[in-house]
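Hi there,

Here is the structure I promised to pass on. Please have it open while you read, as my notes follow straight after it.

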There are 10 protein chains.
Amino acid sequence: MKRSDLTEKILDIKREKEWNWKYIAGEIGGFSEILIVSALLGHMKLTKPQAAAAGKLFGLSKAEIAMLNEVPMRGAGTPMPPTDPLLYRLYELVMINGPALKALIEEEFGDGIMSAIDFDMEIARVANPKGDRVKIGMTGKFLPFKYYGATGNNLEYGLKEE
Amino acid sequence: MKRSDLTEKILDIKREKEWNWKYIAGEIGGFSEILIVSALLGHMKLTKPQAAAAGKLFGLSKAEIAMLNEVPMRGAGTPMPPTDPLLYRLYELVMINGPALKALIEEEFGDGIMSAIDFDMEIARVANPKGDRVKIGMTGKFLPFKYYGATGNNLEYGLKEE
Amino acid sequence: MKRSDLTEKILDIKREKEWNWKYIAGEIGGFSEILIVSALLGHMKLTKPQAAAAGKLFGLSKAEIAMLNEVPMRGAGTPMPPTDPLLYRLYELVMINGPALKALIEEEFGDGIMSAIDFDMEIARVANPKGDRVKIGMTGKFLPFKYYGATGNNLEYGLKEE
Amino acid sequence: MKRSDLTEKILDIKREKEWNWKYIAGEIGGFSEILIVSALLGHMKLTKPQAAAAGKLFGLSKAEIAMLNEVPMRGAGTPMPPTDPLLYRLYELVMINGPALKALIEEEFGDGIMSAIDFDMEIARVANPKGDRVKIGMTGKFLPFKYYGATGNNLEYGLKEE
Amino acid sequence: MKRSDLTEKILDIKREKEWNWKYIAGEIGGFSEILIVSALLGHMKLTKPQAAAAGKLFGLSKAEIAMLNEVPMRGAGTPMPPTDPLLYRLYELVMINGPALKALIEEEFGDGIMSAIDFDMEIARVANPKGDRVKIGMTGKFLPFKYYGATGNNLEYGLKEE
Amino acid sequence: MKRSDLTEKILDIKREKEWNWKYIAGEIGGFSEILIVSALLGHMKLTKPQAAAAGKLFGLSKAEIAMLNEVPMRGAGTPMPPTDPLLYRLYELVMINGPALKALIEEEFGDGIMSAIDFDMEIARVANPKGDRVKIGMTGKFLPFKYYGATGNNLEYGLKEE
Amino acid sequence: MKRSDLTEKILDIKREKEWNWKYIAGEIGGFSEILIVSALLGHMKLTKPQAAAAGKLFGLSKAEIAMLNEVPMRGAGTPMPPTDPLLYRLYELVMINGPALKALIEEEFGDGIMSAIDFDMEIARVANPKGDRVKIGMTGKFLPFKYYGATGNNLEYGLKEE
Amino acid sequence: MKRSDLTEKILDIKREKEWNWKYIAGEIGGFSEILIVSALLGHMKLTKPQAAAAGKLFGLSKAEIAMLNEVPMRGAGTPMPPTDPLLYRLYELVMINGPALKALIEEEFGDGIMSAIDFDMEIARVANPKGDRVKIGMTGKFLPFKYYGATGNNLEYGLKEE
Amino acid sequence: MKRSDLTEKILDIKREKEWNWKYIAGEIGGFSEILIVSALLGHMKLTKPQAAAAGKLFGLSKAEIAMLNEVPMRGAGTPMPPTDPLLYRLYELVMINGPALKALIEEEFGDGIMSAIDFDMEIARVANPKGDRVKIGMTGKFLPFKYYGATGNNLEYGLKEE
Amino acid sequence: MKRSDLTEKILDIKREKEWNWKYIAGEIGGFSEILIVSALLGHMKLTKPQAAAAGKLFGLSKAEIAMLNEVPMRGAGTPMPPTDPLLYRLYELVMINGPALKALIEEEFGDGIMSAIDFDMEIARVANPKGDRVKIGMTGKFLPFKYYGATGNNLEYGLKEE
C-alpha cells in the first residue's frame with residue numbers, strides 16, 4: 001500500500017459521503033484544518049488518537065490507520081513547477097519576490113532563515129468591495145546560521161549583526 | 001546593457017556607500033520596501049519619478065534610469081528550485097502545503113486562484129521568548145475562473161459554488 | 001479513483017457510442033464547448049447540474065459525478081513541451097512571439113498581465129480559397145500589477161503609465 | 001557578434017532616445033507591429049529595405065544591418081516555462097486548454113494542425129467597464145496530415161474525415 | 001483504455017501469429033507501410049475502413065477499432081533523447097547537421113520551414129559491396145513564414161528573398 | 001579561443017562581405033556544401049588544404065586555421081529540443097516516426113542501425129505546383145550489431161535474421 | 001506485455017530456482033555471457049534457437065519467446081545518470097576521461113568514432129595482493145566520418161589525416 | 001562584481017602567494033576552518049572584523065570587503081548532481097542512505113528534521129593500517145514539526161511521539 | 001516482482017504488527033540498524049542467514065527471501081533533489097558545504113575521495129538543554145586517485161602531495 | 001582565472017606551435033598520456049615537477065602553474081549526455097550494457113563496485129583487415145561494500161558471498 005493509494009481511497013469516500021473538509025477536520029479535531037487536510041493528502045502525520053478518529057470516520061484498516069500516524073515522504077506527488085494555476089501563483093511569488101525577501105529578512109534578522117518546520121500558516125477571507133481577497137499569514141521561527149569554532153562551539157555571530 | 005548588469009552596479013555602489021535597504025527605500029520613496037528592493041534587484045519597475053530619484057542616488061545614466069522604469073523579465077536569475085536555504089524554505093512550503101491550500105481555498109472561495117498580480121506582501125518581526133519569528137503576510141484578490149457560454153459571455157459559475 | 005481514470009472511462013464510452021464532442025457538449029449544456037470538453041478531459045470542473053447530466057449520459061457513479069464537480073489538478077498529464085504537433089505549434093507560438101507580445105501589451109496597458117483565469121477563448125473555421133484557416137480568439141482581463149505602500153494600500157501605479 | 005548583442009544595443013538606443021515601439025515600427029514600416037518588434041528582439045527577420053531603415057534609425061553597421069535581414073535562431077533566449085508572469089499565463093493556457101483545443105480542432109477540421117508559420121496574430125484592447133481586456137486573435141492555415149501510399153502520392157485522407 | 005495498451009495488445013497478437021509488418025500493412029492496405037506501422041504503434045490514425053480491416057485482423061472490439069481511427073497524442077512514449085541506438089542516430093543527425101541544414105534551406109528557399117505535416121518519407125535498401133546502406137528519403141512542403149501588415153494581410157515576403 | 005568565437009567571426013565577415021554559402025563553399029571546395037557549412041558552423045572539420053583556403057578567404061590567423069582542421073566538440077550549441085521551428089520539425093519527425101522506422105529497418109535489415117558516421121545527406125528543391133518541396137535524402141551504412149562469443153569472435157547473427 | 005514484465009518474470013524464476021547467470025548462459029549458449037544476460041534484461045535480442053532454449057528453461061509462452069527474439073527498445077529503464085554506485089562509476093569514467101579519450105583517439109585514428117555496434121566487451125578478474133581488480137576490455141571498430149562531395153561519393157578524408 | 005568573481009580573485013592570489021587554507025584560516029581567525037573556506041568560496045559570510053582581516057590579507061577593495069560580510073546566494077555554482085567524484089560520493093550517500101536515515105531519525109526523535117542551519121561539521125583524519133579514513137562528524141539541532149491549532153498555538157505533538 | 005513491491009509488503013506488515021525498526025533489526029541481527037533498514041527499504045542486501053531471518057519474521061516466499069539477498073538497484077525511488085524536508089537538509093548540506101569539504105580534504109589527504117563503499121555511518125542523539133541534537137558520524141576510507149604510467153603501473157602520486 | 005580559461009590558452013598554444021599530444025605528453029613525462037592530456041584539459045592534476053615542465057613548455061605564469069598542480073572540479077564542462085558522437089558512444093555503452101555488467105560483476109565479485117579512483121585505462125589500435133579497431137582496456141580495484149555492526153566494525157560480508 002502506498003500513501004497515495006490511501007489518499008485516493010479517502011477522497012473517494014469523501015465524494016461518496018458528500019463531506020467537505022471543514023466537516024472532516026472537525027471530526028478528527030485537535031489541529032488546524034490545514035494540517036489535517038495536509039495529513040489526509042499525504043504530507044503531514046496525524047497523532048494516534050487523530051488517526052484512530054480518521055479510521056473510524058473513513059472505515060480504515062489497522063495498517064491504514066497506522067499509515068496516517070507515520071511521517072510521510074513529504075512533497076511526493078506535487079509536480080514542480082506546479083501545473084495547476086492556484087499552486088503555480090504561489091510558486092511564482094517565491095520566484096519573483098524571493099530575492100527581495102532574502103535581502104530584507106537578512107537586513108532585519110541577520111544571517112539565517114525563516115523555519116519551514118517551526119512554522120504555522122493560516123488562510124482567511126478578507127472582504128473587499130472590489131472582490132474579496134485571500135489572506136495567507138505565516139510565521140516561522142527565525143533560525144540564525146550557527147557560526148562555530150574549531151571545537152564546534154556556537155559563536156553566536158548569526159544573531160548579532162557584525 | 002542587461003538588467004542584471006544594472007543590478008550588479010547598484011549593489012556595488014550600495015557596498016561602497018555602506019547603505020542599507022531601508023535607507024535606499026526611504027530615498028526613493030512611495031512604494032513598500034519590498035517593491036523597491038525587488039525593482040532594484042530586477043523584478044519590478046519603478047515609476048518615472050522613483051527611477052529619477054534612484055538615478056540621482058546611484059549616479060545612473062539616462063538609459064539606466066529608463067531601464068528602471070521598464071517592466072523587467074521577471075523571475076530571471078532565480079534558480080528554481082532555489083539553492084539558497086532562505087529561499088528554498090519558501091519553495092518547500094509551496095510544495096508541501098500547496099495541495100492543502102488548494103483544497104481549502106477552493107472549498108472557501110470556489111473555483112479560482114489567489115492573484116499574484118493584484119497582490120501585496122509584508123514582512124514583520126514577531127518577538128517571541130523562544131526566538132523571534134518572521135511573519136509574512138500576503139493578500140491577493142480572489143479571481144474566480146470565468147465560465148462562459150458559446151458567445152463568450154460570463155456565466156459567473158466560479159463564484160457561486162454549484 | 002484518479003481523474004485520469006475517469007477521463008479514460010468517458011473516452012471509452014464516447015468511442016463505444018460513436019458520439020462526437022458537439023453532441024456531448026449539447027447534452028451537458030450551459031458552457032462553451034471548450035469548457036465542457038476541458039472538464040471531461042480533466043482540466044475544468046462542471047457545475048452540479050452539468051455533472052449530473054454528464055453522469056446520466058455516461059452512466060457514472062455518485063463519486064464519479066462528484067469528481068466532475070471538483071476542481072481538478074489542472075494541467076496534469078499534458079507533457080511540456082508538448083510532443084503532439086498540434087499542441088506543440090501553440091507552445092512554439094508562445095516561445096517565439098512571447099517577447100514581442102510582452103513588449104506591446106506593456107506599452108499599451110502598462111505593467112500587468114492578461115489574466116488566464118478571467119479569460120475566454122473560442123475557435124472558428126475561416127474559409128479561405130488557399131486552404132481554410134483555424135481562428136483562435138481569446139480575451140483576458142488586463143490585471144495591473146498592484147503597487148502598494150508600507151500599509152499595503154493600492155497605489156494604482158500599474159494602470160497610469162508613469 | 002551575436003543576435004542577442006544586437007538586441008541589447010537596439011534596446012539601449014531606444015532607452016536613450018525615449019522612443020516607444022509604435023514609433024519605431026512606424027519608422028521601419030511595412031509589417032505588423034508584432035513582426036517588427038519580434039525582429040528587433042531577435043525572433044523574426046526584416047526585409048532588406050526594412051533592415052536598411054532600422055539601420056538608419058539606430059545607426060547600425062553594415063554587418064548589423066545584414067544580421068537583421070537574416071533568419072535568426074528563433075526562440076533563443078526565451079526560458080520555458082517562462083519565468084515572467086505575462087508570458088507564463090500564455091504558456092499555462094496552452095498547457096490547460098491544449099487537450100480540448102486538440103479535440104475540437106480535430107473534430108472540426110480532421111487530422112492536422114494549425115500552422116505556426118502561415119500564421120498571423122493581432123493584439124487589441126477591448127474596453128470593459130469591469131476592467132479593459134486584452135484581446136489576442138490569431139489565424140493559422142489548417143494543414144492536414146499528408147497520408148500517402150508506397151509511391152509517396154498524396155492520399156488526401158487528412159481532409160475528408162473517414 | 002490507453003492507446004499504449006492497444007499497442008501492446010496488437011504487438012502481442014503479432015508475436016503470437018508470427019506476422020511481420022509487411023504482411024500486416026498488406027492486409028490493412030491503402031497507406032505507405034510507414035504510416036500503417038506508425039498508426040499501429042500509436043502515432044498516426046487509420047481511416048475507418050483501414051481501422052475496420054485492422055480490427056478484423058487482430059480481433060479488436062468496437063472501441064478499439066474507433067481508437068485506431070482517432071488522432072493519437074503523437075510522440076507519446078518516445079523518450080527524447082532516445083535511448084535506443086537506432087533512434088538516437090537520427091536524433092544525433094538533427095543535432096549535428098541541423099544548423100547547416102537551416103543555413104542552406106534558408107539560402108535556397110527563403111524564410112520558412114520544411115513541413116512535418118505535408119510530408120512523406122520512404123526507406124529503402126541500397127546494395128553496396130562494402131555493406132548495404134539504409135536510404136531514407138523525405139519531402140516536405142516548403143512553408144514560407146507569413147509576413148503580414150496591420151490588417152493581417154499576407155505580404156508574401158517569405159518567398160521572394162529580399 | 002573557443003570554436004564558437006571563430007564561428008561568430010566567420011559569420012561577421014560573411015555579413016560584411018555579403019557572401020552567401022554557395023560562394024563560400026565554392027571557394028573552399030572539395031566537400032559537399034553541407035559539410036563545409038557544418039565545419040564553418042563548428043560541427044565538422046576541414047582538411048588542411050581546405051582550412052588554408054578558408055583562412056585565406058576570411059583572413060584567419062594560424063591558430064584559427066588549425067582550429068578549422070580540428071575535430072570539434074560536435075553538437076555543442078544546438079539546444080535540444082530545438083527552439084527554432086525549422087530545426088524542431090526535424091526533431092519532431094524523429095520523435096513521431098522513430099518507432100516505425102525502427103520496426104521497418106529492423107524487419108528489413110536485422111538487428112543494427114543506420115550509421116550516422118558513414119553517412120551522407122543532400123538537400124534539393126522539388127518543384128511542385130502546390131508549392132515547392134524540400135527534399136532531404138540520406139544514406140547511412142547499415143551496421144549490424146556484433147554478436148560474439150566468449151572469445152570476442154564475431155558470430156555474425158546480426159545480419160542473417162534468425 | 002512489456003519487455004520489462006518479461007524481465008521481471010525471468011528474474012523471479014531465477015530466484016525461485018536458485019540459478020546463477022553462468023548456469024543460465026550455459027543453458028542458452030552460443031553468445032558471450034554479457035550478451036545473453038543483456039538480452040534477458042531487455043537490452044539485446046536472442047536468436048531464434050536461443051530464444052527457444054530460454055523458453056524451455058523458463059517455461060515461457062510462444063509470444064514471450066518471440067519477444068526475446070525481437071530487438072528491444074534498448075536502454076529503456078536505465079536511469080541516467082545512474083543512481084546505482086556500480087553503474088555510476090562507469091558513467092563518471094566517461095564524463096571525466098571522455099575529453100582525453102576523444103583527443104587521443106582522434107590523434108591516433110583521425111576523425112571518427114569507436115563503434116558501439118560493431119563492438120565487443122569482456123569482464124575478467126585480475127588477482128592482486130592489494131585487492132583483486134575488475135578488468136573490462138572492449139574493442140570497437142573505428143568508423144571514420146565519411147566526407148563526401150556533391151554527388152555523395154566517399155572522399156575518404158576521415159582515414160588519412162590531412 | 002559577482003561573488004564568483006571575488007572567489008576567483010582570492011584563489012588567484014592564494015596560488016600566487018602559495019598559501020594553503022590552514023594558513024589563510026589562521027590569519028582570518030575566529031571560525032572553524034570549514035566556515036572560513038566556505039565563506040571565501042562564496043557560501044558563507046564573514047563577520048566585519050574577519051572580512052577586514054581577509055581584505056588586508058588579500059588586498060581587497062572596500063566593496064570587496066563588504067561583499068565578504070554579506071550573506072551570499074548560497075549553493076550557487078555547485079552543479080547538482082556533482083560532477084566531481086569527491087562531491088558526488090557525498091551526494092550518493094544522501095541518495096542511498098537517505099530513506100533509512102529518515103526512518104531511524106523519525107523513530108528516535110519523532111516528526112521533524114536535523115537542522116542544516118543550527119548545524120556544525122568537522123573533518124578529521126583517522127589513522128588506519130589498511131589506509132587512513134576521512135571522518136566527517138556533524139550535529140544539527142533536532143527541529144520538531146510544529147503542530148498547531150486554529151489559533152496558531154503550538155500543540156507540541158512533534159516531540160512526544162503519539 | 002519488483003524490489004519496491006517487496007518494500008511495500010514489508011512496510012504493510014510492519015504497520016499491521018506495530019513493530020518498530022529497532023525490534024526488526026534486532027530480530028534480523030548482525031548488521032548495524034542503518035544497514036538493515038536500508039536493505040528492507042531496497043538499498044542494501046542482507047546475507048543469506050539474515051534474509052532467511054527476515055523471511056521468517058515477515059512470512060516471505062522463497063523468491064522474496066532470495067531478493068533480499070540480491071544487490072538492489074541502489075538509489076532507485078529516491079527523488080533528487082529530495083522533496084522531503086528531512087532528506088533535503090542533507091542534500092543542501094552537500095550542495096553548500098561541498099566545495100569547502102573538497103578543498104579541505106584535498107589539502108589534508110591529497111588528490112582522492114572519501115569512499116562511499118568502504119564506509120560506515122552512525123546516528124546518535126546528543127542531549128542539549130537548548131534542544132537535543134542529531135549527530136551523524138561517518139568514516140570512509142580515503143582513496144587516492146591512482147596515477148599511472150604507460151604500463152598501467154601505480155605511480156603513487158595521489159598519496160604524497162607533490 | 002578559471003581552469004577552463006587555462007585550458008583554452010594551452011590549446012591555443014598547441015595550435016600555434018603545431019604540437020600534438022604525444023609530443024606534449026613526452027615533454028611533461030612521468031604519467032600515462034591519458035592522465036597528462038586529462039590534466040591539461042582540466043580533469044586531472046599534474047605533480048609539481050610536471051606542472052613546472054608544462055609551465056616551461058607553454059610559457060605559463062606562476063599562478064597558472066600552481067593551478068595545474070591543483071585538483072580541478074572534475075567533470076566540469078562535459079555535457080551529459082554528450083553531444084559529441086565519439087563521447088556519446090561511450091555513454092551509450094554504459095546505458096545499454098550497464099545492467100548486465102552489474103549482474104555479472106556482482107555474481108563474480110560479490111556486492112561492491114569497480115573503483116573509478118584506483119583505476120587505470122589504456123587505449124590501443126588493433127589492426128584488423130575489415131577495419132582497425134579501437135581497444136580500450138581498464139582495470140579498477142574491486143571495492144566490496146562495507147557491512148558493519150553497531151560499533152562500526154567491518155563485518156566483511158561484502159567479499160564472501162553469503
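Before the notes, one definition: I call a residue buried if 20 or more other C-beta atoms lie within 10 Å of its own, with the C-beta atoms placed from the backbone. Please also keep in mind that this is a predicted model.

With that cut-off in hand, let's start at helix α2 of chain A. Its buried residues are A:Trp21, A:Ile24, A:Ala25 and A:Ile28. Looking down the axis of α2(A), you will find these buried residues within an arc of 95°, so they line one face of the helix. What lies over them? The cover for the buried residues of α2(A) includes α1 (3–17), α3 and α4 (48–58) of chain A, and α6 (85–109) of chain B is part of it too. Just past the end of α2(A) comes A:Gly29, which has a positive phi of about 70°.

Now to the contact between chains A and B. Chain A puts in 58 residues, and chain B puts in 58 residues. On the side of chain A that touches chain B, at least two residues come from each of α2 (21–28), α3 (33–40), α6 (85–109), β1 (112–126) and β2 (133–144). Which of these elements gives the largest share of that side? It is α6(A), with 23 residues. Sorted by class, the side of chain A that touches chain B holds 33 nonpolar, eleven polar and 14 charged residues.

Strands from the two chains also pair. β2(A) runs antiparallel to strand β2 (residues 133–144) of chain B, and nine bridges join the two. If you would like a spot to look at, try A:Gly140, which sits opposite B:Val134 in β2(B).

How do chains A and B relate to each other? A turn of 180° with a shift of 0.0 Å along the axis lays chain A on chain B, with an RMSD of 0.0 Å. The two copies are thus related as by a two-fold rotation axis. Among the residues of chain A, A:Gly137 comes closest to that axis, with its C-alpha at 2.3 Å. Both copies use the same surface, as 100% of the contact residues of chain A recur in chain B.

There is an annotation to go with this. UniProt, in an unreviewed entry, lists residues 76–148 of chain A as "domain: Cyanate lyase C-terminal". In the model, this span is 34% helix and 37% strand, and the C-alpha atoms at its ends are 35 Å apart.

Chains F and D make another pair to look at. Here a turn of 72° and a shift of 0.0 Å along the axis lay chain F on chain D, with an RMSD of 0.0 Å. These two copies are thus related as by a five-fold rotation axis. The residue of chain F that comes closest to the axis is F:Pro79, at 10 Å by its C-alpha. Their contact takes seven residues from chain F and twelve residues from chain D. On the chain F side, helix α1 (residues 3–17) gives the most, with four residues. By class, that side has one nonpolar, one polar and five charged residues.

Finally, some chains that stay apart. Chain A does not touch chain E, and their nearest C-alpha atoms are 19 Å apart. Chain A does not touch chain G either, with the nearest C-alpha atoms 19 Å apart.

Happy browsing, and best wishes!

Definitions and conventions: Residues are numbered from 1 along each chain as its sequence is written. Chains are lettered from A and ligands numbered from 1 in the order in which they are written. This is a predicted model: local features need pLDDT of at least 70, side-chain atom pairs count only at pLDDT 80 or more; totals for chains, interfaces and linings use all residues. Two residues are in contact if their C-beta atoms, placed from the backbone, lie within 7 Å. Ala, Val, Leu, Ile, Met, Phe, Trp, Tyr, Cys and Pro count as nonpolar, Asp, Glu, Lys and Arg as charged, and the others, Gly among them, as polar. Two strands pair if DSSP finds at least two bridges between them. A residue is buried if 20 or more other C-beta atoms lie within 10 Å of its own, exposed if 12 or fewer, and partly exposed in between; C-beta atoms are placed from the backbone. The arc is that of the directions from the helix axis to the C-beta atoms. Copies are superposed by least squares on the C-alpha atoms of residues with pLDDT of at least 70 in both. UniProt positions are given in the numbering used here, feature names are shortened, and annotations may be inferred rather than shown by experiment.
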